[in-house]
Amino acid sequence: AGTTLTAQQAVFKVGVELVTVPVTVTSLDHNTFIDGLTPADFRLSENGDRQVVTTVTRQRRPLSLAIIVDSSGSMGLGNRRELAVVASQEVLKGLQPDDEIAIVFFGETVDTRLPWTRVGDIKELNWGGWVPRGVTPLNDGMRLGFDLIEKAHNPRRGIVVLTDGFENASREFRFDVRYRALV
């Protein structure tokens, strides 16, 4: 007589216990952050179904920040280069160890000088090899910055542009850069 084998059906249970919904609440003129809110101050629905807000925290989310630096010849005039270095160092001081930065230079060339790097892993930014030269392909620098932002690891993302001038040499049209900002 043969042996009969039967398979047991696996039972899986799926559920969501807690979903985080990041929000920023400001005054109507966007100049003042509103603090001290409780779950009762929020109304949340999903596909028309009211959801219960259980917790409101001020937990900071990590930031990915692309710094786009003008390295054109005019940045070598006066103290412009030094001002850009100081500005980038000040930006870096305001970040947290779990934030990340990337740095793009645009001038004679347009390139990523620092790929995405956790701020906590940066001992010091070395600006020694930066020699300003060339024209000002600002839109091309912005394009590379947008490309980097799309590959960032953190939920909050931003771009800082340090320049002394105007676009005068890009292959990218200004309209295209604006369009990318809206998408």
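Here are some numbered notes on the structure above, which is a predicted model.

1. Let's start with the overall layout. The protein chain has three helices and six strands. Reading from the N terminus, the elements follow the order β-β-β-α-β-β-α-β-α. The chain counts 183 residues, and buried ones make up 30% of them.

2. Next, the largest pocket. Its volume comes to about 1,400 Å³. The lining takes in 31 residues, and those closest to the pocket centre are Val 21, Pro 22, Val 23, Val 56 and Thr 57. By type, the lining splits into 15 nonpolar, eight polar and eight charged residues.

3. Two of those names come up again on the surface. Val 21 and Val 23 join Val 19 and Leu 44 in a nonpolar surface patch of about 340 Å². Leu 44 belongs to strand β1, which covers residues 44-46. With a relative accessible area of 32%, Leu 44 is partly exposed, and the cut-off for joining a patch is over 30%. So if you are looking at this patch on screen, Val 21 and Val 23 are the residues to follow from the patch to the centre of the largest pocket.

4. What lines the second largest pocket? The list reads Ile 103, Phe 105, Arg 113, Leu 114, Leu 125, Asn 126, Trp 127, Gly 128, Gly 129 and Trp 130. Strands β4 (100-106) and β5 (110-118) are the elements that each give two or more residues to this lining. The pocket holds about 150 Å³ of space. Its lining divides into six nonpolar residues, three polar and one charged.

5. Arg 113 deserves a second look, as one of the residues lining the second largest pocket. Its side chain also meets that of Asp 111 in a salt bridge, at 3.3 Å from N to O. Both partners are partly exposed: Arg 113 has 43% relative accessibility, and Asp 111 has a relative accessible area of 25%.

6. On salt bridges more broadly, the structure holds nine. One of them pairs Glu 108 with Arg 133, whose closest N and O atoms are 3.9 Å apart. Glu 108 sits in the loop between β4 and β5, while Arg 133 sits in the loop between β5 and α2 (138-150), so this pair ties together parts that are 25 residues apart in sequence. The cut-off for a salt bridge is within 4 Å, and the 3.9 Å of this pair falls inside that limit. Glu 108 is exposed, at 54% relative accessible area, whereas Arg 133 is partly exposed, at 40%.

7. Another salt bridge joins the side chains of Arg 118 and Asp 121, again with an N to O distance of 3.3 Å. Is each partner exposed or partly exposed? Arg 118 counts as partly exposed at 40% relative accessibility, and Asp 121 counts as exposed at 52%. The line between those two classes is drawn at 50%. Besides the pairs, there is a salt-bridge network that links Arg 60, Asp 98 and Asp 99.

8. Now for a contact between parts of the chain set apart in sequence. Ser 74 and Asp 164 are separated by 90 residues in sequence, yet their C-alpha atoms are 7.5 Å apart in space. Ser 74 is in the loop between β3 (63-70) and α1 (80-93). This serine counts as partly exposed, with 25% relative accessibility.

9. Finally, two backbone angles to check. Which residues have a positive phi without being a glycine? His 30 has a phi of about 65°, and Asn 47 has one of about 50°. His 30 is found in the segment before β1, and Asn 47 in the loop between β1 and β2 (49-51). Both residues are exposed: His 30 has a relative accessible area of 62%, and Asn 47 has 77%.

Note on methods: Residues numbered from 1 in each chain as written. Predicted model: local features only at pLDDT ≥ 70, side-chain atom pairs only at ≥ 80, totals over all residues. Heavy atoms only, no water. Patch = residues over 30% accessible without salt bridge, like charges linked within 9 Å, V, L, I, M, F, W, Y side chains within 5 Å. Areas by Shrake-Rupley, 256 points an atom, 1.4 Å probe, with all protein chains shown as cover. Helix = DSSP H or I, 4+ residues; strand = E, 2+ residues; numbered from the N terminus. Buried < 20%, exposed > 50% of the residue type's maximum accessible area, 1.4 Å probe, protein only. 1 Å grid on protein atoms, 1.4 Å probe; cavity = no way out; pocket = protein on both sides within 12 Å on 5 of 7 lines; lining within 4 Å. Points joined across faces, edges and corners; volume = space filled by probe spheres on them. Nonpolar A, V, L, I, M, F, W, Y, C, P; charged D, E, K, R; others polar.
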